[in-house]
Amino acid sequence: MDPLDLKEFEWKIVVRQLTMDDFDDLIKISQACFPGMQSWGRDQVESQLAIFPEGQLCVEIDGRLAASSSSLILEYDTSLEWHNWRAVADSGYIRNHKPKGNTLYGIEIMVHPDFRGMKLSRRMYDARKQLCREKNLERIIIAGRIPNYHKYREELSAADYIDRVLEKAIYDPVLTAQISNGFSVKGLITNYLPSDLESCGYATYLEWTNLEHVHGAKRRFHHVVEPIRICVVQYQMRTVRGFDEFAQQCEFFLDTASDYKCDFVLFPELFTTQLLSCVEVTQPGQAARKLAEFTPQYLEFFTEMAVRYDVNVIGGSQFVVEHNTLYNIAYLFQRDGSISKQYKIHITPSEKKWWGVSPGDRVEVFDTDCGRIAIQICYDIEFPELTRIAADKGAQIVFVPFNTDTRHGYLRVRQCAQARCIENHLYVAISGCTGNLPFVENADIHYAQSGIYTPADVEFARDAIAAECNPNVETLIIHDLDFEQLRRHKESGSVQNWNDRRRDLYQVSYVENGETKSV
């Protein structure tokens, strides 16, 4: 069997500036989102792009326009008619845009109904916030529809309706999303869009404050912190009736991580072996190859989930057959729809004996929207040379999906993970399985205490443990890691293992693409 072409499973998600080539699709989105309401005219969009192109953004999914956002910069003035979008946005022409202003005004965000539920509005708001930070603006101001209000107008005033939405007693597709994206309600606007029958003409006046704003500065300063939010899943193995049941369990953790706005989610090694509980096999080697038949479904599922929940996913690992050879492969599913993979390089004696797994031969380091990362599957973290190579390639976090049956096995992974942090000035996150699979040979019992580890120095957590699960229970942990803190530690920590290596006495030599390299 030839290797699967990952391009066939990838989605292409792009956040970019709008162009006039998008106009027809933009109008289709507007008509789908706001039926019966006036759409932008060509002259208005041309004016927006000519005056402030970086403020007119969109999300494109596999070549199709899925969402859009329009905005302009103004000087904040309490006397300005913020309740009147025609006055504030110059009826959509934005000729009142002030490049040296201090406030980003969001005119509109639209998400096509076909792509709702994929957190695209979050991507649009995040892009606006990034623009606000880059231009050192003080705030974002928006006026938002309340499209579910018409269902409650007979029993609630608009103000009471907003209060109920803020209390989570009522869901509003627009206001709920805005609140979850960090906006605060500052007021109620009457007669905002009389043609908006769903909102009964009302809108909310909302504000987001840029906490990184530096008064009087002309540019954005270097971050004092660069937080990356990590979610580690400690997954309980259980019998399942099919792939859909397995997928439902995984989606629960992905949904939770997304609610907490995590950047990465890590699943355990070979947690897919629970799928063997729903197939008939006789020998472990045959079982492993049977499990590999689920790989296309596995790839399709996690690719969609990474995009839908706007989170980068290290999908544990999965058996894959390539050219009739069995490999243990960890896949990285990025939220832009791309897929990468890392082969397990060191195969344990039991993997060889029971399943016939073959090793990979290359240490990969992956560029993500949150920095460079590496993946080392279980046994691989017990070989310091691999992490040294990954660190030399720029990895700042090593993700370790593992699968161990006893406390001894777990301790080998955990202690080596902590050592790698100290040796290379990086973070390591480990994720393992708990529970039992009574009828699956070589995967019948599991022991885990998943965690996130740091270098051991005064600026990091006590015991160099950022976060850790209770042992042998299904749970997850979420923690923020700071790359800027890591950089400062590498340069000026109490000890500097990386800088103090005696390369005159020893080096790590390895072969890559036929070329011998050394670290």
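Two strands are counted as paired here if DSSP finds at least two bridges between them. That criterion underlies the following account of a predicted model, which takes up two sheets, the helices that pack on or beside them, and a few residues with unusual backbone angles.

## The six-stranded sheet

With the criterion in hand, one can look at a single rung of pairing: Thr 368 has Gly 371 of strand E15 as its bridge partner. Strand E14 and strand E15, the latter covering residues 371-375, run antiparallel and are joined by four bridges. Both strands belong to an open sheet of six strands with mixed pairing, whose order is E14-E15-E16-E17-E19-E20. Strand E14 (365-368) and strand E20 (465-468) occupy the edges, and because each has a single partner strand, one side of each is left without a neighbour in the sheet. On average, and with direction ignored, neighbouring strands of this sheet are turned by 20 degrees against each other.

Helix H12, residues 407-424, lies across four strands of this sheet, namely E16 (397-401), E17 (427-431), E19 (451-453) and E20, and it runs at about 165 degrees to E17. Which residues does Arg 414 contact, leaving aside its neighbours within four places in sequence? Arg 414, which is placed in helix H12, is in contact with Ile 430, Tyr 453, Ile 465 and Glu 468. With a relative accessible area of 13%, Arg 414 falls under the 20% limit and therefore counts as buried.

A further helix, H11 (residues 384-392), has Leu 386, Thr 387, Arg 388, Ile 389, Ala 390 and Ala 391 as its buried residues. These buried residues pack against strands E14, E15 and E16, against helix H12, and also against strand E22 (509-512). Just after helix H11, Gly 394 takes a positive phi of about 105 degrees.

## The seven-stranded sheet

The other open sheet is formed by seven strands in the order E1-E2-E3-E4-E5-E7-E6, again with mixed pairing. Here strand E1 (13-17) and strand E6 (184-189) stand at the edges, each with a single partner strand, so that one side of each has no neighbour in the sheet. From one strand to the next, the twist averages 25 degrees.

Strand E4 (residues 103-111) can be followed through its pairing with E3 and with E5. With E3 it pairs in the antiparallel sense over eight bridges, and one of the positions involved is Ser 69, whose bridge partner in E4 is Ile 109. With strand E5 (residues 139-145), by contrast, E4 runs parallel, and four bridges join the two. In this pairing Thr 103 has Arg 139 of E5 as its bridge partner, while Gly 106 stands opposite Ile 142 in E5. Strand E4 is mostly covered, since seven of its nine residues are buried.

Helix H5 (residues 158-166) packs on this sheet, where it touches E6 and strand E7 (203-209), and its direction makes about 160 degrees with that of E6.

## A helix pair

Helix H7 (residues 243-259) and helix H9 (residues 295-308) have axes that come within 11 Å and cross at roughly 25 degrees. Because angles under 35 degrees count as roughly parallel, H7 is roughly parallel to H9. The crossing in which H7 passes H9 is right-handed. On the side of H7 the contact is made by Phe 243, Phe 246, Ala 247, Cys 250, Glu 251 and Leu 254, and on the side of H9 by Gln 297, Tyr 298, Phe 301, Phe 302 and Met 305. The residues of this contact divide into nine nonpolar, one polar and one charged.

## Residues with a positive phi

Most residues other than glycine have a negative phi. Two exceptions in loops are set out in the table.

| Residue | Phi | Loop |
|---|---|---|
| Asp 62 | about 50 degrees | between strand E2 (57-61) and strand E3 (64-74) |
| Asn 513 | about 55 degrees | between E22 and strand E23 (515-518) |

Is Asn 513 buried or exposed? Its relative accessible area is 70%, and because exposed means over 50%, Asn 513 counts as exposed. The strand that precedes its loop, E22, is one of the elements against which the buried residues of helix H11 pack.

Note on methods: Residues are numbered from 1 along each chain as its sequence is written. This is a predicted model: local features need pLDDT of at least 70, side-chain atom pairs count only at pLDDT 80 or more; totals for chains, interfaces and linings use all residues. Side-chain values use heavy atoms; hydrogens and water are left out. Axes are lines fitted to C-alpha atoms, for helices over the stretch in contact, and angles run from 0 to 180 degrees between N-to-C directions. Contact means heavy atoms within 4.5 Å. Angles under 35 degrees count as roughly parallel, over 145 as roughly antiparallel, 65 to 115 as roughly perpendicular and the rest as oblique. A crossing is left-handed if the near helix is turned anticlockwise from the far one by less than a right angle, and right-handed if clockwise. Ala, Val, Leu, Ile, Met, Phe, Trp, Tyr, Cys and Pro count as nonpolar, Asp, Glu, Lys and Arg as charged, and the others, Gly among them, as polar. Buried means under 20% relative accessible area, exposed over 50%, partly exposed in between (1.4 Å probe, protein chains only).
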